[in-house]
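Subject: Structure handover and notes on helix packing

Dear colleague,

I am passing on the structure below, together with some notes on what was found in it. Please read the notes with the model open beside them.

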Amino acid sequence: MIMKIYFAPLEGITGYIFRNAYNDIYGHVDKCFAPFISPSEKCPVTPRERKDLEPENNSGMHLVPQILTCKSNHFIEGAKELCAMGYKEVNLNLGCPSGTVCAKGKGAGFLPETLELQRFLDDIYSYSESDGMKISIKTRLGYFNPDEFYDLIDIFNAFPVSELIVHPRIRSDFYRGEPRKEYFAYALEHSKHPIVYNGNIFTCKDYEDYSKSFGCTLDPIMLGRGLISDPSLAGKLKGAESETDFVKFRNLHDTIYHGYQKVMSPDINVLYKMRELWSYWQSLFDGKEKDIKKLLKAKKYSEYEEIVYRILQT
Ligand SMILES: Cc1cc2nc3c(=O)[nH]c(=O)nc-3n(C[C@H](O)[C@H](O)[C@H](O)COP(=O)(O)O)c2cc1C
């Protein structure tokens, strides 16, 4: 049976309100990775990012903050602040495929700049030794071509990477298509570091199929969209839950909904956040497509609640 499950960072979704609700109601997640922060010269951690990462807003969970940058001094300034907040691990984002991010040479946009990347890793791992901070990496296979991964593995092998989380896609794949399994198999064989699989695990069967195709029990794994779509997936993978429990689901929904209402206004802003969640949750509600379509258009709390509680009651 699988031992360790990590919650992937999903910007705009897995902020502290979602994480707390999820952790209190479902649990079974061993580490939660926070969506990236982008430290700048002036401000390593903005007040908004600080609020999201503040340990008192994340109690009872093992949270790992993530940094997105291609400048080692910015990374180090950010990591020092996180260290002062009590964090012992920080994750480097080498996977973000967004156009604006990659155009600045960050995320997946950093992967083809191998010389600069080595210099950057030299700097940040020298810092990590001095501060006792672990640095893990979340990476794609490459920017233009998955074969870039062979060199990247050699580069990562030269540094004390605490864990290497591999999302086996290239930048232009975004989050679509089949993960490129053969490259993940290469990482399993050639990386010196503990390897974590991430990508397209939506069901227990997906997990079994991936494990079978790699000829091993994938452990740890990182789950993103699969865990949002079916919040009981971690419990199911650990053998603690057998099917989706709609009382728990309603509790999750209400806790997140009321949590957003406390910190956001007007109604429509909260409803935008809920809409994004429902775009994942709709797969749990076969036959309710018409109601969900209406729900995605609701502009007032009263309208939204009338539809949601109709869906959740049946
Ligand atoms: C809406 C959205 C936001 C994301 N934000 C981040 C992020 O902040 N940092 C990161 O490393 N990956 C981010 N990702 C990628 C996920 O962490 C994960 O690698 C990806 O969804 C593949 O895993 P999955 O198939 O289990 O969802 C994001 C993905 C989505 C869809």
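At what angle do helix α3 (residues 72-84) and helix α5 (residues 114-131) pack, and how many Å apart are their axes? In this predicted model, the two helices pack at an angle of about 25°, and their axes lie 9 Å apart. Because angles under 35 degrees count as roughly parallel, α3 is described as roughly parallel to α5, and the crossing of the pair is right-handed. On the α3 side the contact is formed by S72, F75, I76, A79, K80 and C83, which meet F120, D123, I124, Y127 and D131 of α5. Sorted by character, the residues of this contact comprise 7 nonpolar, 1 polar and 3 charged.

A second pair is given by helix α7 (residues 181-190) and helix α8 (residues 204-214), whose axes come within 10 Å and cross at roughly 60°. These two helices are therefore oblique to each other, and the crossing of α7 with α8 is right-handed. From α7, the residues K181, F184, A185 and L188 take part in the contact, while α8 contributes Y210, S213 and F214. Here the division is into 5 nonpolar, 1 polar and 1 charged.

Turning to a single helix, α14 (residues 301-313) has 13 residues and spans 18 Å from its first C-alpha to its last, which is close to the 18 Å expected at 1.5 Å a residue. Within α14, the residues Y301, Y304, I307, V308, Y309, I311 and L312 are buried. As background to such a list, an α-helix has 3.6 residues a turn, so residues three or four places apart point the same way. The buried residues of α14 pack against three helices, namely α11 (246-263), α12 (267-281) and α13 (289-295).

Finally, there is one residue that may be worth displaying on its own. L227 sits in helix α9 (residues 225-229), and since buried means under 20% relative accessible area, L227 with its value of 0% is buried. Leaving aside residues up to four places away in sequence, L227 touches F7, Y22, V29, L233 and A234. How far apart are L227 and A8 in sequence, and how far in space? They are separated by 219 residues in sequence, whereas their C-alpha atoms are 8.9 Å apart.

With best regards

How values were computed:
Residues numbered from 1 in each chain as written. Predicted model: local features only at pLDDT ≥ 70, side-chain atom pairs only at ≥ 80, totals over all residues. Heavy atoms only, no water. Axes fitted to C-alpha atoms, helices over the stretch in contact; angles between N-to-C directions. Helix = DSSP H or I, 4+ residues; strand = E, 2+ residues; numbered from the N terminus. Parallel < 35°, antiparallel > 145°, perpendicular 65-115°, else oblique. Left-handed = near helix turned anticlockwise from the far one by under 90°. Contact = heavy atoms within 4.5 Å. Nonpolar A, V, L, I, M, F, W, Y, C, P; charged D, E, K, R; others polar. Expected span 1.5 Å × (residues − 1). Buried < 20%, exposed > 50% of the residue type's maximum accessible area, 1.4 Å probe, protein only.
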